[in-house]
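Visitor: Please show me the structure, and let me ask on what grounds its features carry their labels.

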Amino acid sequence: MSKVRLEYIWMDGHKPTQKLRSKTKVMEGIIDSLEDIPDWGFDGSSTNQAEGNNSDCLLKPVCKVPDPIRGGHDLLVLCEVMNADGTVHSSNSRAELRKVSEKFKDQKAWFGIEQEYTLFDGRNPLGWPEGGYPAPQGPFYCGVGADEVYGRDIVEEHLQLCIDAGLEISGINAEVMPGQWEYQIGPLSPLESGDQMWLSRWLLYRIAEDYGVSATLHPKPIKGDWNGAGAHTNFSTRFMREEGGLKVIKDACEKLSKNHDEHIAVYGAHNEERLTGLHETCSIKEFRYAVSDRGASIRIPMQTANDGFGYLEDRRPSANMDPYQVCAILIKTTCG
Ligand code: ADP
Ligand code: MN
Ligand code: MN
Ligand code: MN
């Protein structure tokens with residue numbers, strides 16, 4: 001019988017921002033369903049998820065997609081981390097979103113997340129002159145040409161890998177700061193959105209490896225007059241998408257205005273460096289929502305305002321946010 005390789009992927013206990021870990025299991029034959037993928041374990045004392053004297057953590061497979069890098073019948077297997085006794089581990093934020101999305105499933109929430117990231121070659125953003133700076137921002141956003149954008153080969157390969165893995169990637173673009181890029185995943189249900197965001201991030205780190213380049217989700221990778229990196233979270237419920245939805249969206253914005261600090265607390269570490277009020281952001285100390293305003297906390301897209309229904313864009317989450325936590329709190333605040 002032939003062998004298949006299963007790449008088990010999970011979120012570690014790194015603070016303040018969890019990182020991805022993965023390891024490979026070789027199995028016999030072809031795996032068709034999630035139920036046929038066994039639980040596995042790892043050494044939690046090496047991932048900040050356990051003490052050395054009681055270090056076993058459990059990997060519970062929750063989502064599988066074709067492994068577009070290895071190909072064939074190989075799989076990527078996203079896992080939730082459990083304690084050895086099968087209870088939910090404290091680092092497992094997916095478990096909370098499972099509960100929240102089940103409780104509010106009638107709302108049929110959708111999320112479309114814009115993931116910005118920065119490619120680094122050693123200590124410099126990719127394409128930047130050694131020890132110096134490129135020309136000021138302006139020409140790079142959605143640019144073309146070797147003097148405008150850096151790393152397109154990696155970005156294109158990542159896009160193809162996401163498509164081959166069956167992820168709902170909906171676009172890519174070069175960003176305002178040279179070496180910075182974006183892709184979008186969605187719209188998808190809450191759990192699908194979170195799972196696909198984490199899988200797409202794993203694919204990004206993994207494929208950049210082959211180029212000797214690292215991708216970072218730091219919200220302000222270069223201090224000063226350079227754009228930060230966010231993860232704008234586009235969100236709608238079925239009532240927002242129906243006739244009269246604009247009113248539901250505005251009511252949601254009012255609820256969000258009363259819970260700004262609770263949201264900021266789970267919108268990513270070091271976000272205060274990014275949400276300054278400059279570079280198409282609203283200050284972290286303020287909350288504003290408005291139609292078409294890229295300087296607001298929440299933007300109501302022009303199309304949504306014109307149609308009278310649609311979705312809202314929460315521009316506050318930083319690139320390094322955990323989509324499980326962001327989706328959960330958006331549902332809890334606006335649907336409760
Ligand atoms: P921007 O103009 O802010 O750069 P993008 O085109 O990068 O917007 O991203 C918009 C995202 O919104 C896409 O991921 C898209 O799938 C998502 N989206 C579109 N409609 C909805 C909806 N009704 N609910 C949630 N997300 C949506
Ligand atoms: Mn975008
Ligand atoms: Mn962007
Ligand atoms: Mn956006």
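The questions below deal with labels and their cut-offs.

Guide: This is a predicted model, in which local features need pLDDT of at least 70, side-chain atom pairs count only at pLDDT 80 or more, and totals for chains, interfaces and linings use all residues. Residues are numbered from 1 along each chain as its sequence is written, chains are lettered from A and ligands numbered from 1 in the order in which they are written, and side-chain values use heavy atoms, with hydrogens and water left out.

Visitor: Why is Glu114 called buried?

Guide: Buried means under 20% relative accessible area, exposed over 50%, partly exposed in between (1.4 Å probe, protein chains only). Glu114 has 14% relative accessibility, so Glu114 counts as buried.

Visitor: What makes His232 buried?

Guide: The relative accessible area of His232 is 9%, therefore His232 is buried.

Visitor: Which residues coordinate the manganese ion (ligand 4)?

Guide: Donors are N, O and S atoms within 2.8 Å of the metal (3.2 Å for Na, K and Ca); water is not among the atoms, so sites may look incomplete. Glu114 (OE, listed twice), His232 (ND1) and Glu313 (OE) coordinate the manganese ion (ligand 4) at 2.0 to 2.5 Å. Glu114 also coordinates the manganese ion (ligand 2), 4.0 Å from ligand 4.

Visitor: How do you know that E4 and strand E5 pair?

Guide: Strands (E, at least two residues) and helices (H or I, at least four) are DSSP runs, numbered from the N terminus. Two strands pair if DSSP finds at least two bridges between them. E4 and E5 (residues 75–83) have nine bridges, in the antiparallel sense. Lys60 stands opposite Glu80 in E5.
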